[in-house]
Amino acid sequence: MTKNISVLGSTGSIGVQTLDVARMHGIRVSALTANTSIDLIEQQAREFRPQMVAVLDEDSAKKLKIALSDTDIAVYGGEEGIREAARCAQADTVVNAIVGIAGLMPTLEAVSAGKNLALANKETLVAGGKVVREAMKKHGTKLYPVDSEHSAIFQCLQGCPEGALKKVILTASGGSFYGKTRDQLRNVTVEDALKHPNWSMGRKITVDSATMMNKGLEVIEASWLFEVPDEQIDVLIHRESIIHSMIQLKDNSVIAQLGVPDMRIPIQYALTYPQRLESPVKELDLSEIATLTFGRPDNETFECLGICRKALRLGGLYPTVANAANEAAVALFLDGRIGFLQIPEYVGNAVESFSDNKEDFDLEDILTADRETRARILT
Ligand code: NAD
Ligand code: MG
């Protein structure tokens with residue numbers, strides 16, 4: 001393939017699977033980035049021979065520079081290093097697999113350098129959808145969703161005439177604690193929360209799945225990607241994660257995308273669109289699965305989905321605030337400093353108490369709302 005990508009967050013769950021897809025199809029990799037760990041990124045750099053690698057942590061970047069001194073690969077450090085990778089001259093597409101709002105500035109950097117995006121980093125759209133959309137319009141770039149639900153909707157929409165879409169139906173596995181009562185959730189541990197039934201993912205998104213915040217973030221993500229309001233986005237519990245999402249058309253026909261739960265399908269489609277290539281993913285055998293089940297989400301026990309919907313309806317900076325509060329609360333939970341049920345409490349309180357909303361806002365306002373919300377929770 002002539003495709004050339006820069007992979008931001010190459011050492012994470014999505015990053016590693018992106019490199020699997022690149023390896024299989026001979027996609028050129030021009031840049032790789034990581035947060036702190038350097039062993040894996042060194043190995044990846046030796047295999048894919050990118051022009052550059054960047055590590056956020058400056059000390060780790062210095063170590064990596066020494067480790068790669070026998071190669072001609074340039075090594076950068078810090079946030080500026082990550083941005084350098086986002087605008088890497090050789091890449092036509094930037095895969096953003098960074099976790100959290102840390103992905104927003106690299107996304108904007110990539111767009112202003114004229115790159116197309118394969119976007120896994122949903123927090124970018126939740127917190128900064130407005131500025132990302134404006135930048136994409138200005139620079140004429142495209143965005144291909146990697147999140148499995150959004151990829152499914154994007155796939156279902158192929159060939160769908162303009163104006164025919166009635167609603168999108170996001171499926172949700174329900175996460176690690178589906179079916180539990182609030183009482184049962186009071187003392188769950190980090191380890192319990194990290195046991196996802198179907199997907200092996202990074203720690204933050206696995207906790208987000210357990211609280212249903214992930215589905216809330218995905219509702220907001222869908223609203224930016226497909227230009228649909230809250231009322232036209234349904235959420236359906238589907239424990240098996242075989243149907244990755246659906247669309248309902250004006251005539252009430254429903255189109256779904258199915259497959260075994262493996263992120264390499266949506267990653268590959270984002271990189272090869274509109275082509276369909278061979279994939280390492282197992283064939284789906286529905287006779288083996290036999291039964292697919294569906295249900296309504298329990299919004300009383302798992303409040304985050306409802307809070308995100310409210311933030312979406314309120315608009316402006318509310319989604320940024322909900323996302324920031326969640327990132328801070330999940331970090332505290334993963335550190336063992338708060339209980340599981342305090343996550344929705346922090347997110348809910350942040351949205352309820354936010355009073356500085358603006359209809360017309362810019363990147364500075366987003367970064368300020370994010371920083372102030374985090375600071376209130378973390379200090
Ligand atoms: P992960 O924690 O496994 O990996 C995150 C990557 O980002 C790592 O390479 C890490 O080094 C890097 N990183 C972390 N903090 C950073 C920072 N501040 N600056 C720069 N780099 C940083 O996470 P993941 O599960 O791969 O998820 C990545 C993104 O994709 C998230 O937004 C997540 O919601 C989304 N996503 C993941 C999956 C999945 O199956 N894992 C599915 C759908 C969407
Ligand atoms: Mg998803």
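In which loop does R49 lie? In this predicted model, R49 is placed in the loop between α2 (39–48) and β3 (52–55), where the residue adopts a positive phi of about 50 degrees although it is not a glycine. Most residues other than glycine have a negative phi, and most peptide bonds are trans. With a relative accessible area of 40%, R49 is partly exposed. A positive phi, of about 65 degrees, is also found at A290, again a residue that is not a glycine; A290 belongs to the loop between α13 and α14 and, at a relative accessible area of 65%, is exposed, because the limit for that class is set at over 50%. A further backbone feature is the peptide bond from Y273 to P274, which is cis, with omega near 5 degrees, and P274 itself is located in the loop between α12 and α13 (286–289).

The surroundings of ligand 1 comprise 22 residues, of which T11, S13, N35, E123 and G202 come nearest. Several polar backbone atoms approach the oxygen atoms of the ligand: one of G9 is 3.2 Å from an oxygen atom of ligand 1, one of G12 is 3.1 Å from such an oxygen, and a backbone N or O atom of A120 lies at 3.4 Å from an oxygen atom of the ligand. E123, one of the residues that come nearest to ligand 1, is part of helix α6 (residues 122–139). When the protein chains alone are considered, E123 has a relative accessible area of 5% and therefore counts as buried, the limit being under 20%. The side chain of E123 also reaches the backbone nitrogen of G100, at 3.3 Å.

Helix α6 contributes to the second largest pocket as well, supplying the largest share of its lining, 4 residues. This pocket holds about 730 Å³ of space and is lined by 22 residues, among which F154, L157, L225, F226 and E227 lie nearest its centre. Together with α6, the elements β7 (143–145) and α11 (213–226) each supply at least two residues of the lining. By class, the lining of the second largest pocket consists of 15 nonpolar, 2 polar and 5 charged residues.

A search of the whole structure for enclosed space finds 2 cavities of 30 Å³ or more. The largest cavity, with a volume of about 50 Å³, is lined by S148, S151, Q155, W199, H244, Q257, V260, D262, I265 and P266. Two or more of these lining residues are given by each of α7 (148–156) and α12 (264–272), and α7 gives the most, with 3 residues. The lining of the largest cavity is made up of 4 nonpolar, 5 polar and 1 charged residues. The second largest cavity contains about 40 Å³ of space, and its lining is formed by L185, T211, T301, F302, E303, C304, F340, L341 and P344. Here the division by class is 6 nonpolar, 2 polar and 1 charged.

Helix α15 (residues 318–334) has 17 residues, and at 1.5 Å a residue these should span 24 Å; the C-alpha atoms at its ends are 24 Å apart, so the expected and modelled spans agree. Because 16 of the 17 residues of α15 are buried, the helix is largely enclosed by the rest of the structure. α15 is followed by G336, whose phi is positive, near 75 degrees.

Two further buried residues illustrate how separation along the chain and separation in space are related in this model. R309, located in helix α14 (residues 304–314), has a relative accessibility of 16% and so counts as buried, falling under the 20% limit. Although R309 and D230 are 79 residues apart in sequence, their C-alpha atoms are 6.5 Å apart in space. S173, which lies in the loop between β8 (165–172) and α8 (182–185), is likewise buried, with a relative accessible area of 9%. The C-alpha atoms of S173 and Y144, which are 29 residues apart along the chain, are separated by 23 Å.

Methods
Residues are numbered from 1 along each chain as its sequence is written. Chains are lettered from A and ligands numbered from 1 in the order in which they are written. This is a predicted model: local features need pLDDT of at least 70, side-chain atom pairs count only at pLDDT 80 or more; totals for chains, interfaces and linings use all residues. Side-chain values use heavy atoms; hydrogens and water are left out. On a 1 Å grid over the protein atoms alone, a cavity is a set of points where a 1.4 Å probe fits but cannot get out, and a pocket is an open set with protein on both sides within 12 Å along at least five of seven lines; lining residues have an atom within 4 Å of a point. Grid points are joined across faces, edges and corners, and a volume is the space filled by probe spheres set on the points. Ala, Val, Leu, Ile, Met, Phe, Trp, Tyr, Cys and Pro count as nonpolar, Asp, Glu, Lys and Arg as charged, and the others, Gly among them, as polar. The expected span of a helix is 1.5 Å times one less than its number of residues. Buried means under 20% relative accessible area, exposed over 50%, partly exposed in between (1.4 Å probe, protein chains only). A residue is near a molecule or strand if one of its heavy atoms lies within 4 Å of it. A polar contact is a pair of N or O atoms within 3.5 Å; within protein, one must be able to donate a hydrogen and the other to accept it, and residues adjacent in sequence count only if both atoms are side-chain atoms.
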